[in-house]
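User: Could you walk me through how some labels on this model were reached? I'd like to see the reasoning behind each one.

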Amino acid sequence: MAIELTPLPLPASADPSKFVDFGREVIGVNPGDLTPEQFAEIYEALYKHSALLFRNVTLTPEQQYALTKAFDPEAESYGHGNNKTQSTNESILHPDLKTIPRVPQVQLIGNGIVTNHEGLATAALKHPSHKTFHKTVVSEEDESKGYTRFYRWHIDAALYDYNPPRVTTLYGITVPKGDSQTVRYDDGTGDELRVPLGTTAFISGKTIFEILPPELKSLAVRTSVRYAPHPYVWMSRARAMPTGLGIENEGLELPVEELPEWEQSKVETLPMLWKNPVTKGLHFQVHPCGAQELIVKALPEGASRQGALYPDGAHIKDLGQIRALLYKMQRPAIAPSLVYPHDWREKDLVLFHNRGVFHTVVGAFKPDQVRAFHQCNLAASDVPVGPTEEDVAKWA
């Protein structure tokens, strides 16, 4: 049977014109047992469509690791380092992940008590809640009415020492049923989004860049982002915006002298735009929570200075300025019409281009609603490729 690609079903809230290329369901192939020819098709499809869905899949941790590694054969460890998130108690990721003992590159995530699972006698899982991370929270009364929030828009990446993974695989093993919920943005816009219980929401980094006005496209193509050392520890006392898109600027980040031991050589400085290896398109990929500095190159010779931001270049270190600028660039892309909230079924496998999309946990479960997923991403063997000279000349 030939591999068939069909568009993902979009919610009524989505603008179909913005999802022409985004997302495909893959039919007619077992992702745990691909021939080289089939993998070549999947490889091309992923980078063209950013997210691929396989339904009714039976997948062992070994098979999930093998599929993820096929996109980067030289990669070895989990994206944050094998067992590293659990050994760093101060990290905001620490409570969310349990490592599968025999395949440490695969993590168990979810909600509730899971027993006798892939070598884990008992795992107490906790679905991340905006109430532990946002400055303001949805009231108990409103939560009982089904209101919730995006948790944290992000890319899967350590952003210190380890290169951002190329791809992530998410495999739904136990998926609880329940009423849909309504995401409230709570940022004064009145924006809301109806979502399935426990959805994973996605936006396209390509779309983020495409909808920027010219002056912000020019800025993006010239800018690199320097992340804080141990960013998930650095931000652990800070609190997030109500949209889950970045940190409130309250000065609550840990001073560098209170961070775990770190080395300047392991601090990551990455381009704001990452180049797709197949389409050669540009994806806006900045984790707003961990950004500590912006380094802007001057306009190229001959470029128009009219309306340009930082035409002579800049090194921006003020967190308030950095966060305001990133929010201005990224907030339009989480509009309800641009969000794909995946409606999980048991045995769904979602494979996504981690260097081309953002995603977030959404919603809230009750303690007795058991959810078990396997997640795998691998610290890449290379750094993301930024814009070429031709890209800069075109967009600056």
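Below, a few labels are taken in turn and set against their cut-offs.

Analyst: Happy to help! One thing to keep in mind is that this is a predicted model.

User: Why is T199 called buried?

Analyst: Buried means under 20% relative accessible area. T199 has a relative accessible area of 1%, so the label buried applies.

User: Where does T199 lie, and which residues is T199 in contact with, leaving aside its neighbours within four places in sequence?

Analyst: T199 sits in the loop between β10 (192-195) and β11 (200-204). With those sequence neighbours set aside, its contacts are P341, H342, W344, T360, V361 and V362; contact here means heavy atoms within 4.5 Å.

User: What makes D186 partly exposed?

Analyst: The label covers values between the buried cut-off of under 20% and the exposed cut-off of over 50%. D186 has a relative accessible area of 33%, so D186 counts as partly exposed. This residue is in the loop between β9 (181-184) and β10.

User: What is notable about phi of D186 and of K280?

Analyst: Phi of D186 is near 50°, a positive value in a residue other than glycine. For K280, also a residue other than glycine, phi is positive and near 70°. K280 belongs to the loop between β14 (273-275) and β15 (282-284).

User: Why is helix α6 described as largely enclosed by the rest of the structure?

Analyst: Helix α6 spans residues 214-222, and 7 of its 9 residues are buried, so the description follows. The buried ones are L216, K217, S218, L219, A220, V221 and R222.

Conventions
Residues numbered from 1 in each chain as written. Predicted model: local features only at pLDDT ≥ 70, side-chain atom pairs only at ≥ 80, totals over all residues. Heavy atoms only, no water. Buried < 20%, exposed > 50% of the residue type's maximum accessible area, 1.4 Å probe, protein only. Helix = DSSP H or I, 4+ residues; strand = E, 2+ residues; numbered from the N terminus.
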